[in-house]
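Here are some notes to read with the model open beside you. Take the points in order and find each residue on screen as you go.

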Amino acid sequence: MAEDNIYKERVEKRKNLIEKGYDVYPNKYEITSSIKELRERFKGLEKGTYTGCKIKTAGRIITIRRMGKASFFTIRSGGNDIQIYAAMDITPDYKTFIKLEPGDYIGVEGEIFTTKTGELTVKVESWQILSKSLRPPPEKWHGLKDIEERYRRRYLDLFVNKDVYEIFVLRSKTIDFIRRFLNSRGFIEVETPMMQIIPGGAIAEPFKTYHNALSMNLYLRIAPELYLKRLLVGGFEKVYELGKSFRNEGIDTKHNPEFTLLEIYSAYSNYEDMMRLCEDLIVSLFKEIKGELSFEYEGKKIDLTPPWKRISIFEELKRKTGIEFKGNLTRDFLILKAKELKIEIEEDSEEHKIFEKIFESVLEDELWGPVFIVDFPSKWSILAKKKKDDEEVVERFELFIAGEEIANAYSELNIPEDQRKNFEKQIRGYKEREIDYDYIEALEYGMPPAGGLGIGIDRLIMLLTGKNSIREIILFPLLRKK
RNA sequence: GCGCCCAUAGCUCAACAGGUAGAGCAGGGGCCUCUUAAGCCCAAGGUUGGAGGUUCGAUUCCUCCUGGGCGCACCA
């Protein structure tokens, strides 16, 4: 009810402004400089400097300090603040001006100067309302803290909490850097279907949708992989796609139903090349964006200085437990060994899950990384190529940093018969799972040997920003309808 | 999905052991021409997330519901 009153009051204030002849929603305001530009251009001025320089800038009113015949406001735009100074003897219609309130957008024009305390300030010699705010913004000092409200009304979070704003600027810079990095190495960016007839490239529950005109079920992609490899068949040598994939699974601090995945494919390469590329990319990214390779995450130190360690999965398991898993990957064996190692597992979960659980438990310390876990069992890596001298193992690695899988890569399987067999084996036990025979047909035309690399961009940004919840680095994370 | 925790004014937070909800900010009315969490005075603002229950009396205790957080499980 109180909110309603505030709302009504503000609507009334807007009406008063309109009656005084103010256009409260003008179409444009020509600024000479953004607040950011002003801060850069007039950095380090002495206290009490009057520049004589007149500028026009604009922003949202954040705080107001009225002192009778003179007032200071702070306005904010683009994540930057500047103080403005209005006074009876210099500001037109001063009385109306100081009745503006937090949340309102205004444009101001006047000399830029520094106060006696050295604060860069715009003298308001002319002003204009740019947009009247009808709802009170969150508190100026404590900001918006309620996590749910922050996610639901991210726009408030962004303009009130500067550190949040900065996270998303950093996210944007990260994406930009990745594109520049790959483009400069001759990769080209492509777009493949997000709506797929047969969801492939990973094992995960897809979102289902329906096309009316075609009377056809469609799925939101769980990965772009199979389409990108069709492009290798089509003659592209180096391609990547940076975009959303969707998985209809649980939501937690590490998982959002839609997430950003980078997939890179390079013809005539193998997983060793992708390992170098992956290391190069992430190291350059951290140097550029974070400015350092050594930092703390969740209170523990991470050092990304290359070269990163490589651990062969079967060897390491054998070294640590004395157990030879290679060639023994039956369900019974895995359950037995998990019990011996006192690792809690659910016996009815899939074999590869049990194996994964074992390897993640045994290698837990190493997975803080950065570390490349290499040579995965071929049994569950159905899109990867086997080693020439060892059928049990595929040419594949996963990159772990901070205990999380950040990247996954392999030498791509391009033998059509093997791919067909792997698909057929895999769909057993899954209802509603279809084989993408069109993909196999594409392979039959011939796909060059190639390395492929997938990087979870959200996880990477969590590392860059030091956040431990994926919702903190996604602008609008999915929440239940209220 | 399971377990634990949280929900009080627009925002940020109080309310001992069950006794009838209080402050700061924002907003309203005043004073104030270098303030910056500006300051001072006055007045206003609440179905304590929702529905039940226990009780003379519930923000407080109990049950269910809604939303959220954290952990576990799931997500190769």
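Which helices and strands each supply at least two residues of the surface near RNA strand B? Keep that in mind while you read, and remember that this is a predicted model.

1. **The elements around the RNA.** To take the question straight away: the helices are α1 (2–19), α4 (147–152) and α11 (351–362). The strands are β1 (50–67), β2 (70–77) and β3 (80–87). Among these, have a look at α1, since α1 gives the most to the surface near RNA strand B, namely five residues.

2. **Who sits closest.** In total, 57 residues surround RNA strand B. If you want a starting point, go to Lys116, Thr117, His255, Lys353 and Glu356, which are the closest. Sorted by class, the surface near the strand has 27 charged, 20 nonpolar and ten polar residues.

3. **Which part of the RNA is touched.** Pick out the atoms of RNA strand B within 4 Å of the protein: 66% of them belong to sugar or phosphate, and the rest belong to bases. A phosphate example is at arginine 471, where an N or O atom in the side chain is 2.8 Å from a phosphate oxygen of RNA strand B.

4. **Contacts to bases.** Two spots are worth zooming in on here. At arginine 66, a polar backbone atom is 2.8 Å from a base nitrogen of RNA strand B. At glutamate 119 the side chain takes part instead, with a polar atom 3.4 Å from a base nitrogen of the strand.

5. **Two domains.** Now zoom out. Chain A is divided into domain 1 (2–131) and domain 2, which is made of two stretches, 160–308 and 369–472. The contact between them takes four residues from domain 1 and four residues from domain 2. Their C-alpha centres lie 47 Å apart.

6. **What the domains bury.** Between them, domain 1 and domain 2 bury about 340 Å², with 48% of that on carbon and sulfur atoms. On the domain 1 side, Arg76, Gly78 and Gly79 lose the most area to domain 2, and together they make up 86% of what that side buries.

7. **What holds hands across the interface.** How many salt bridges does the rule find between domain 1 and domain 2? The count is one. You can also look for aspartate 81 and lysine 162, whose side chains meet in a salt bridge at 3.3 Å, N to O. Three residue pairs are in polar contact between the two domains. By class, the side of domain 1 that touches domain 2 has two polar and two charged residues, and no nonpolar ones.

8. **Backbone oddities to check.** Proline 306 and proline 307 are joined by a cis peptide bond, with omega about 0 degrees. You'll find proline 307 in the loop between β14 (300–303) and β15 (309–312). Another cis peptide bond joins glycine 369 and proline 370, with omega about 5 degrees, and proline 370 is in the loop between α11 and β16 (371–377). Finally, tyrosine 268 has a positive phi, near 65 degrees, in a residue other than glycine. Tyrosine 268 lies in the loop between β12 (258–267) and α8 (271–290).

Terms used:
Residues numbered from 1 in each chain as written. Chains lettered and ligands numbered in written order. Predicted model: local features only at pLDDT ≥ 70, side-chain atom pairs only at ≥ 80, totals over all residues. Heavy atoms only, no water. Near = heavy atom within 4 Å. Polar contact = N/O pair within 3.5 Å; in protein donor to acceptor, adjacent residues only side chain to side chain. Helix = DSSP H or I, 4+ residues; strand = E, 2+ residues; numbered from the N terminus. Nonpolar A, V, L, I, M, F, W, Y, C, P; charged D, E, K, R; others polar. Domains from an automatic or database assignment. Contact = heavy atoms within 4.5 Å. Buried area = accessible area lost by both parts, 1.4 Å probe. Salt bridge = Lys/Arg side-chain N within 4 Å of Asp/Glu carboxyl O.
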